[in-house]
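Colleague: I have just opened this one and would like a tour of the interior and the strands before I go further. Please start wherever you like.

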Amino acid sequence: MAFSHRQMGLRNNLLPGILRGFAVLLLVGLLGISVARAQSPVDNTASSNKPHPPLTKEQANELFRSVDEILNFVSSDTKLPIQHSVKRKLVTRDEVNKYLRDKFNEDEGAKRLARSEIVLKKFGLLDREFQLRPFMISLLTEQVAGFYDDKTKTVNLLDWIEPEDQKPVLAHELTHALQDQKVSLTKWSIVGPEDIARNVQQDNLHIQTDEAGTARGAVAEGQAMLVYLDYQLRPTGRTLEKSPEILSRLKDTISDTTNSPILARAPLLLQRSLLFPYSEGLAFEDAILLKGGKDAAFSSVLATPPSSTFEILHPNAYITHVPVPVLRLPDIHPLIDADYVPYDVGVMGEFDVRILAELFGGSQIADALTPEWRGGIYYAAQRKSAVTPEQKASTASLGLLYESQWLNEDSAWSFARVYEAELPRKYSGLTRREKDEADDTEQVYTTREGDVLLCVSGTNVFISEGFPLPLARKLRDGIVAAQGHGPLQIASGSDQRRDPAVDLAHAISSAGMMRAGLALWGR
């Protein structure tokens, strides 16, 4: 599911995947925290938030000259070679806003946002009334502070921000330029096919590679954040590699949204997802840097990137090559294809589960449950009877399956209770049908969007929403049985498919760094 940056598709990591593209713009900004602030409290007022006249010709020339100097710094800091100079362009605020809106409207990943939005609402991760598209456009136009476009190979400089405020952003964006020269970011970000899975082989291929795009986005942004912070540390003569304690002091400011009024109003899902590539990507890259040095943290990770959010959240699993097993989906198409069309399939990764548990039960429950998670997949199908645009845009048109595995029966039941407690908020008119429950492992409900079945079997939790109860039980039996048979399925970063979150993330990751980062670092 993960909302990632450089993807966003129908079978994405629902959380980091769908939004990663947008996160690229905003999160870098929010994570661009100043060393000064980490060491002592500072006034929250940032000069970059004030209206500024266009740069003078002398200021523009200074900014253009600084590109080569900062590119040399980035190459020295990352050990990524400069294969050629980077094109540069000065753009106005109106030009940037038009670019972002056009990018949002035209990019294939962004077009998938509407589909993914319905799945998020079906899960209860977004309120039914929330309008994701206008929110994201407002967020992007509020936050952009400079960007590297990996299609035109151009770093875009802003004519309304002081050169000194843009230089740290340049360090971040020029890191993307050298990554692009090293691996070709557009190609590197494409992890698989874009089409909807329509058979069991495609279903499991999507599941196997679902989080790869999200993980790669975290690598790209984490590396750029390392360089961004090292550039800000230059006057002190320190680096994150030589002074690892600095990052631990900065962690307290990572969730600060005061410099983004729009983000501060965002649902928890969007806040966490947008920050993921920057905060967790930075922590991942920092761990690799301290363990193996610059080559390991930059060139080696680009050559062999992680394939899951589990590896991003647990860098030692990546370092020691721990296989990341994923659940298997049996062939459910003979059961559903007569009345439904495939809509979305993917992984509910560890990061997704943390957000869901925090949203449904609070941070303490999320902290307790997340380490107990042992895998999860989801599948959504749309009723063929939904024919009008309004019907297709409604969560009532979807049937949703969610299978998760847990460390033990206690954690399975704990998660089931947290999920159950959220059902009344998701569905008005929710009614328990105890007489229809086969045994004490089942909970059956009636809603205005169809039947709901919640079932705990050992360490498995199966949830069906919208499918008729007899069909839901058949789907449950097949999915639960499939987990104990056949070869182990391992998460993969194979370039044979694309992580759905990748498209969207890619769309916005090219938009660059956010102004909130400048505000935090500039004080």
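**Packing, strands and cavities**

Colleague: Which residues does Phe-415 touch, not counting those up to four places away in sequence?

Modeller: With contact meaning heavy atoms within 4.5 Å, and with residues up to four places away in sequence left out, Phe-415 touches Leu-356, Leu-369, Tyr-402, Ser-404, Trp-406, Val-461 and Ile-463. Bear in mind that this is a predicted model, in which local features need pLDDT of at least 70 and side-chain atom pairs count only at pLDDT 80 or more, while totals for chains, interfaces and linings use all residues. Residues are numbered from 1 along each chain as its sequence is written, and side-chain values use heavy atoms, with hydrogens and water left out.

Colleague: And what does the largest nonpolar core look like, in terms of the residues with the most contacts inside it?

Modeller: The largest nonpolar core, a set of buried Ala, Val, Leu, Ile, Met, Phe, Trp, Tyr and Cys residues joined through side-chain atoms within 4.5 Å, has 103 residues, and those with the most contacts inside it are Phe-123, Leu-174, Leu-270, Phe-415 and Tyr-419. Helix α11 (residues 212-233) gives the largest share of this core, eleven residues. Another core, of 23 residues, lies apart from it and includes Leu-327, Tyr-340, Ala-472 and Ile-479.

Colleague: Sticking with burial, how much of the chain is buried?

Modeller: Buried residues make up 62% of the 523 residues, where buried means under 20% relative accessible area, exposed over 50% and partly exposed in between, with a 1.4 Å probe and protein chains only. Among contacts between residues at least 6 apart in sequence, 79% join residues at least 24 apart.

Colleague: How many helices and strands are there?

Modeller: The chain has 25 helices and eleven strands, taken as DSSP runs numbered from the N terminus, helices being H or I over at least four residues and strands E over at least two.

Colleague: Which helices do the buried residues of α15 pack against?

Modeller: In α15 (residues 294-303) the buried residues are Lys-294, Ala-297, Phe-298, Ser-299, Val-301 and Leu-302, and they pack against α3 (57-78), α8 (163-183), α9 (185-189), α11, α14 (268-292) and α17 (315-319).

Colleague: On to the strands, then: why is β4 largely enclosed?

Modeller: Five of the five residues of β4 (residues 154-158) are buried, so the strand is largely enclosed by the rest of the structure. Thr-154, Asn-156 and Leu-158 point one way, whereas Val-155 and Leu-157 point the other way; side chains in a regular strand alternate between the two faces of the sheet.

Colleague: Which strands pair with β4, and is each pairing parallel or antiparallel?

Modeller: Counting two strands as paired if DSSP finds at least two bridges between them, β2 (residues 87-91) runs parallel to β4 over five bridges, and β3 (residues 147-149) runs antiparallel to β4 over three. Lys-89 has Asn-156 as its bridge partner in β4, while Asp-149 has Thr-154.

Colleague: Where does Asp-150 lie, and is Asp-150 buried or exposed?

Modeller: Asp-150 lies in the loop between β3 and β4 and is buried, with a relative accessible area of 3%. The C-alpha atoms of Asp-150 and His-176 are 8.1 Å apart, although the two residues are 26 residues apart along the chain. The hairpin of β3 and β4 has four residues between the strands, and Lys-153 there takes a positive phi near 60 degrees.

Colleague: Now the open sheet: what is the strand order?

Modeller: Seven strands form an open sheet in the order β5-β6-β7-β11-β10-β9-β8, with antiparallel pairing, and β5 and β8 (431-432) are the edge strands, each pairing on one side only. Seven bridges join β5 (residues 340-347) to β6, with Val-341 opposite Gln-382, and eight bridges join β6 to β7 (residues 398-406), where Leu-401 is the partner of Tyr-379. Nine of the eleven residues of β6 are buried, so β6 is largely enclosed by the rest of the structure.

Colleague: Last topic: which residues line the largest cavity?

Modeller: Glu-211, Ser-308, Phe-310, Val-324, Pro-325, Val-326, Leu-327, Val-347, Trp-373, Gly-375, Gly-376 and Ile-377 do, and strand β6 (residues 373-383) supplies the largest share of the lining, four residues. A cavity here is a set of points on a 1 Å grid over the protein atoms alone where a 1.4 Å probe fits but cannot get out, and lining residues have an atom within 4 Å of a point. The whole structure has four cavities of 30 Å³ or more, and about 70 Å³ of space lies in the largest, a volume being the space filled by probe spheres set on the points, which are joined across faces, edges and corners.

Methods
On a 1 Å grid over the protein atoms alone, a cavity is a set of points where a 1.4 Å probe fits but cannot get out, and a pocket is an open set with protein on both sides within 12 Å along at least five of seven lines; lining residues have an atom within 4 Å of a point.
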